[in-house]
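Trainee: Before we use words such as buried, paired or compact, I would like to see how each of them is earned. Could we go through the structure together and set every value against its criterion?

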Amino acid sequence: MFSSSVYTSWESVQRRKYEAMLQILGTDFFHSFFSQRVLNLGCGNGYLESFLRAHGISTATLVGIDTDAVALQNAGMAAVAGNGNALPFSNSSFDAIVAVDSLHLITGNDFERVLRKGGLVLASLFYNTENYREKQAFVEQRLSSFATLAAFTVAAQESEIVIVARK
Ligand SMILES: C[S@@+](CC[C@H](N)C(=O)[O-])C[C@H]1O[C@@H](n2cnc3c(N)ncnc32)[C@H](O)[C@@H]1O
């Protein structure tokens, strides 16, 4: 069972993943991706937001959602306490969705509804050598109705499968 109180010690682990993604996808991609209306699905404590700000990448149009209201209190960003399986947003409200280590906890695909046609998803999930195939198949299955634009792994403190896909 995930809990944000345990998660407060994970900021450096997550930051290393974001750094690796920024390196591979490039600053231009990050600037253009986050300059749109973006939903951070299962945003947690706002580690990604503080990482983006530290790299001069705008978070002005980034909204986070998380079931954990305590985590959101510390997040220091525009965020909504809510359930990723029943998103409190109208259809096609977002141009892009980022979901770092949350798709395994948010089992429904309501995120597809709130993403506009042609919109992008940047999704990533942690894995280890034993469960790599299973995790890769899981993320691919969750994005099976999307066109994959990029798929790679990052070997940070915790390894991560990363997929960028278009609706
Ligand atoms: C492993 S953390 C990842 C947090 C953040 N994305 C990051 O990169 O640090 C997973 C987050 O998903 C949230 N979560 C779990 N189930 C959820 C749901 N149904 N809807 C929204 N958020 C959920 C948890 O509260 C937690 O903050």
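What follows is a conversation about the terms used for this structure and the values behind them.

Mentor: Keep in mind from the start that this is a predicted model, and that each value we discuss was computed from it.

Trainee: What does the secondary structure of the chain come to, and what pattern does the chain follow along the sequence?

Mentor: The chain has seven helices and seven strands, and read along the sequence they follow the pattern α-α-α-β-α-β-α-β-β-α-β-α-β-β.

Trainee: What makes the chain as compact as a globular protein of that length?

Mentor: The radius of gyration is 14 Å, and the globule rule gives 15 Å for 167 residues; the two values are close, so the chain is as compact as a globular protein of that length. Along the principal axes, the C-alpha atoms fill a box of roughly 35 × 35 × 35 Å. As for cover, 51% of the 167 residues count as buried.

Trainee: Why does Leu41 count as buried?

Mentor: The word buried requires a relative accessible area under 20%, and Leu41 has a relative accessibility of 0%, so Leu41 meets that criterion. Leu41 lies in strand S1, which covers residues 38-41, and, leaving aside neighbours within four places in sequence, its contacts include Ile65, Leu87, Ile97, Val98 and Phe111.

Trainee: Why is Ala78 called partly exposed?

Mentor: Partly exposed is the class between the buried limit of 20% and the exposed limit of 50%, and Ala78 has a relative accessible area of 45%, so it belongs in that class. Ala78 is found in the loop between helix H5 (69-75) and strand S3 (79-81). Leaving aside neighbours within four places in sequence, Ala78 is in contact with Leu62, Val63 and Gly64.

Trainee: How do you know that S4 and S5 are paired, and in which sense do they run?

Mentor: Two strands pair if at least two bridges are found between them, and six bridges join S4 (residues 94-100) to S5 (residues 115-126), so the two strands pair, and they run parallel. Along this pairing, Phe94 stands opposite Leu115, and Ile97 stands opposite Val121.

Trainee: Which other strand is joined to S4 by bridges?

Mentor: Three bridges join S1 to S4, and these strands also run parallel, with Val38 standing opposite Ala96.

Trainee: Why is S4 described as mostly covered, and what is the count for S5?

Mentor: In S4, seven of its seven residues are buried, while in S5 nine of its 12 residues are buried, and S5 too is described as mostly covered.

Trainee: What makes S7 a partner of both S5 and S6?

Mentor: S5 and S7 pair in the antiparallel sense over seven bridges, and Phe126 stands opposite Glu160 there. Eight bridges join S6 (residues 147-155) to S7 (residues 159-166), which also run antiparallel. In this second pairing, the bridge partner of Ala150 is Val164, and a hairpin joins S6 to S7 through three residues.

Trainee: Why are the phi values of Ser92 and Asp101 worth noting?

Mentor: Most residues other than glycine have a negative phi. Ser92 has a positive phi of about 55° although it is not a glycine, and Asp101 likewise has a positive phi of about 55° without being a glycine. Ser92 lies in the loop between S3 and S4, whereas Asp101 is found in the loop between S4 and helix H6 (110-114).

Trainee: Are these two residues buried or partly exposed?

Mentor: Ser92 has a relative accessible area of 35%, which lies between 20% and 50%, so Ser92 is partly exposed. Asp101 has a relative accessible area of 11%, which is under 20%, so Asp101 is buried.

Trainee: Which residues of helix H4 are buried, and what comes just after the helix?

Mentor: In H4 (residues 47-54), the buried residues are Tyr47, Leu48, Glu49, Phe51 and Leu52. Just after H4, Gly56 takes a positive phi of about 70°.

Technical notes:
Residues numbered from 1 in each chain as written. Predicted model: local features only at pLDDT ≥ 70, side-chain atom pairs only at ≥ 80, totals over all residues. Heavy atoms only, no water. Helix = DSSP H or I, 4+ residues; strand = E, 2+ residues; numbered from the N terminus. Rg over C-alpha atoms; globule rule 2.2 N^0.38 Å. Buried < 20%, exposed > 50% of the residue type's maximum accessible area, 1.4 Å probe, protein only. Contact = heavy atoms within 4.5 Å.
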